[in-house]
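The following exercises concern helix packing, ligand contacts and backbone geometry in one structure. Each task is followed by a solution in steps.

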Amino acid sequence: MASLQQQLFVQKKSKKLLNQASDLALEYLETIENSPVVPSRTGIEMLKEFDIDLPDSIGDEQQILEQLASIGCHNTVHYNGGRYYGFVNGGILPIGMATRWLADVWDQNAALNVMSPIAAKLESVCEVWLKQLFNLPEKTVAGLVGGTSVASLCGLAAARYRQLQNLNWDLAQNGTFGAPKLRIIMGTQTHGTVVKMLNLLGFGAADIEWVECDDQGRMIPDLMPALDRTCIVVLQAGNVCSGAFDHFSQLIPKAKQAQAWVHVDGAFGLWAAASPRFSHLTKDVNLADSWSVDGHKTLNTPYDCGVILCADEQALTHALHQQGSYIQSSEERDSMMFTPDMSRRAKGIDLWSCLRYLGRQGIAELIELLHERASYFALQASQIGFKVLNDVVFNQVILQADTEQQTLNTLKKIQASGVCWCGGAKWQGKAIIRVSICAWATTEKDIDDSIEVFAQCLNGSAAGLA
Ligand SMILES: Cc1ncc(COP(=O)(O)O)c(C=O)c1O
């Protein structure tokens with residue numbers, strides 16, 4: 001019997017496994033358009049096959065892949081098709097998918113330049129390109145993290161560091177206990193991840209001053225309290241339900257004048273800045289101090305690709321400071337200085353290839369495509385009896401039926417249809433159906449097919465679908 005190492009060398013030399021994975025993946029892509037958008041009950045039942053004790057002995061690699069594919073392919077959710085409208089989950093550009101395959105084989109750790117010069121180089125190129133696309137200050141630095149949640153954690157950590165430093169409190173030396181009190185100012189429609197990240201940083205409900213929002217989910221500028229240098233203001237480029245943008249031109253200059261720090265959660269909406277047609281939505285957003293944004297939403301990169309952009313390099317790198325005698329820094333950019341994690345996948349490689357492929361024009365066209373599809377969806381939905389509650393300024397649509405119960409029932413049926421999928425939420429205390437157009441693959445035909453299902457579900461004739 002060959003030793004484990006001998007077996008692994010044999011696997012590594014033969015192309016069998018990678019070819020098998022490639023065949024299985026390509027088969028999956030071929031079937032995706034004609035299979036349910038979300039797993040069926042039978043598919044979910046199959047997951048039980050994974051409930052076994054950890055095996056005692058080494059397995060058969062080909063059988064393992066085969067089992068994974070045969071059950072897994074029935075239990076994925078098809079963001080990379082055209083009829084998934086849930087959350088704000090982007091699709092995946094073919095170039096991103098292919099690059100990720102290649103880069104996964106490279107298996108690079110992006111922590112330090114010395115660990116992966118290619119990862120470090122492409123991240124620094126992405127940093128420059130993102131600054132240019134979003135028209136951010138030249139001094140802005142970028143860190144690549146899992147998603148906007150963690151990007152906001154980084155931005156808020158930098159904010160806390162800088163504001164306390166300005167109050168003569170050395171955070172690294174003294175910690176947070178006993179520190180001068182900071183005030184967090186944000187809209188009642190702020191995304192839940194911001195509160196979660198504030199909690200992680202030691203802020204609680206008592207530290208937050210909520211500002212009322214209008215019917216689109218934008219902070220009402222006149223209700224902003226008086227600000228001072230103890231403040232951290234959190235604004236939004238893209239409300240998770242309505243897609244609305246805060247009034248940056250009115251809010252940010254005022255906040256900066258009062259020496260407050262401004263962080264912008266731009267998970268999917270900051271991309272508006274990269275489109276001549278939509279950049280009015282982000283006018284003056286570049287006056288903020290930090291911004292969080294995702295590649296895996298509007299840009300359709302592979303998961304997981306969040307970015308923290310911060311105009312105060314010292315605040316960010318000091319807030320995320322790490323030391324260790326074995327850390328070999330280089331004169332080039334060391335990525336771990338800009339993120340909470342040390343080891344991580346070199347996601348900058350696939351971000352780079354998506355940006356490199358689309359270029360300025362392609363990015364603008366993608367953003368406009370998502371908007372066009374969202375507007376078309378809203379129009380069609382209104383014609384079959386749904387109320388559209390938001391101004392469709394970007395890629396999000398909020399729908400409601402006549403009564404609360406009808407909205408809830410309709411949503412349940414849509415989710416069970418298998419033809420398309422969208423999520424629900426509460427908007428001004430009432431149930432809504434959220435439609436997020438975030439995949440490059442959504443066509444007008446996808447929307448027509450979905451609208452047919454929406455109509456059947458609204459009118460109660462959807463039994464038997466899927
Ligand atoms: C406005 C906003 N902020 C933050 C997030 C969280 O982003 P992520 O899931 O990438 O952490 C989302 C997710 O949809 C969002 O829409």
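**Exercise 1.** Determine the handedness of the crossing of α5 and α12, and characterise the packing of the two helices.

Solution.
- Step 1. In this predicted model, α5 and α12 cross in a right-handed sense.
- Step 2. Helix α5 covers residues 94-106 and helix α12 covers residues 348-383; their axes come within 9 Å and cross at roughly 150 degrees.
- Step 3. Angles over 145 degrees count as roughly antiparallel, and α5 is therefore roughly antiparallel to α12.
- Step 4. On the α5 side, the residues in contact are Ile-95, Gly-96, Thr-99, Arg-100, Ala-103 and Trp-106, and they meet Ile-349, Asp-350, Ser-353, Cys-354 and Tyr-357 of α12.
- Step 5. By class, the residues of this contact of α5 with α12 comprise six nonpolar, three polar and two charged.

**Exercise 2.** Which orientation do α2 and α4 have to each other, and which residues meet?

Solution.
- Step 1. Helix α2 (residues 16-31) packs with helix α4 (residues 61-72) at an angle of about 10 degrees, and the axes are 10 Å apart.
- Step 2. An angle under 35 degrees counts as roughly parallel, so α2 and α4 are roughly parallel to each other.
- Step 3. The crossing of α2 and α4 is right-handed.
- Step 4. From α2, Lys-16, Leu-17, Gln-20, Ala-21 and Leu-24 meet Glu-61, Gln-62, Leu-65, Glu-66 and Ala-69 from α4.
- Step 5. Sorting the residues of the contact of α2 with α4 gives five nonpolar, two polar and three charged.

**Exercise 3.** Classify the packing of α13 and α14 by angle, and state which residues make the contact.

Solution.
- Step 1. Helix α13 spans residues 404-417 and helix α14 spans residues 444-458; they pack at about 135 degrees with axes 8 Å apart.
- Step 2. This makes α13 and α14 oblique to each other.
- Step 3. The crossing in which α13 passes α14 is right-handed.
- Step 4. Gln-406, Thr-410, Lys-413, Ile-414 and Ser-417 of α13 make the contact with Val-453, Phe-454, Cys-457 and Leu-458 of α14.
- Step 5. The residues of the contact of α13 with α14 fall into five nonpolar, three polar and one charged.

**Exercise 4.** Which residues come nearest to the ligand, and which N or O atoms lie at short listed distances from its oxygen atoms?

Solution.
- Step 1. There are 14 residues around the ligand, of which Ser-149, Asp-265, Asp-294, His-296 and Lys-297 come nearest.
- Step 2. An N or O atom in the side chain of Ser-149 is 2.4 Å from an oxygen atom of the ligand.
- Step 3. For His-296, a side-chain N or O atom is 3.0 Å from a ligand oxygen atom.
- Step 4. With Thr-148, a backbone N or O atom lies 3.1 Å from an oxygen atom of the ligand.

**Exercise 5.** Describe the backbone geometry at Asp-107 and at the peptide bond from Tyr-303 to Asp-304, and locate Asp-107 and Asp-304.

Solution.
- Step 1. Most residues other than glycine have a negative phi, and most peptide bonds are trans.
- Step 2. Asp-107 has a positive phi, near 50 degrees.
- Step 3. Asp-107 is placed in the loop between α5 and α6 (117-134).
- Step 4. The peptide bond from Tyr-303 to Asp-304 is cis, and its omega is near -10 degrees.
- Step 5. Asp-304 belongs to the loop between β6 (290-294) and β7 (306-310).

How values were computed
Residues numbered from 1 in each chain as written. Predicted model: local features only at pLDDT ≥ 70, side-chain atom pairs only at ≥ 80, totals over all residues. Heavy atoms only, no water. Axes fitted to C-alpha atoms, helices over the stretch in contact; angles between N-to-C directions. Helix = DSSP H or I, 4+ residues; strand = E, 2+ residues; numbered from the N terminus. Parallel < 35°, antiparallel > 145°, perpendicular 65-115°, else oblique. Left-handed = near helix turned anticlockwise from the far one by under 90°. Contact = heavy atoms within 4.5 Å. Nonpolar A, V, L, I, M, F, W, Y, C, P; charged D, E, K, R; others polar. Near = heavy atom within 4 Å. Polar contact = N/O pair within 3.5 Å; in protein donor to acceptor, adjacent residues only side chain to side chain.
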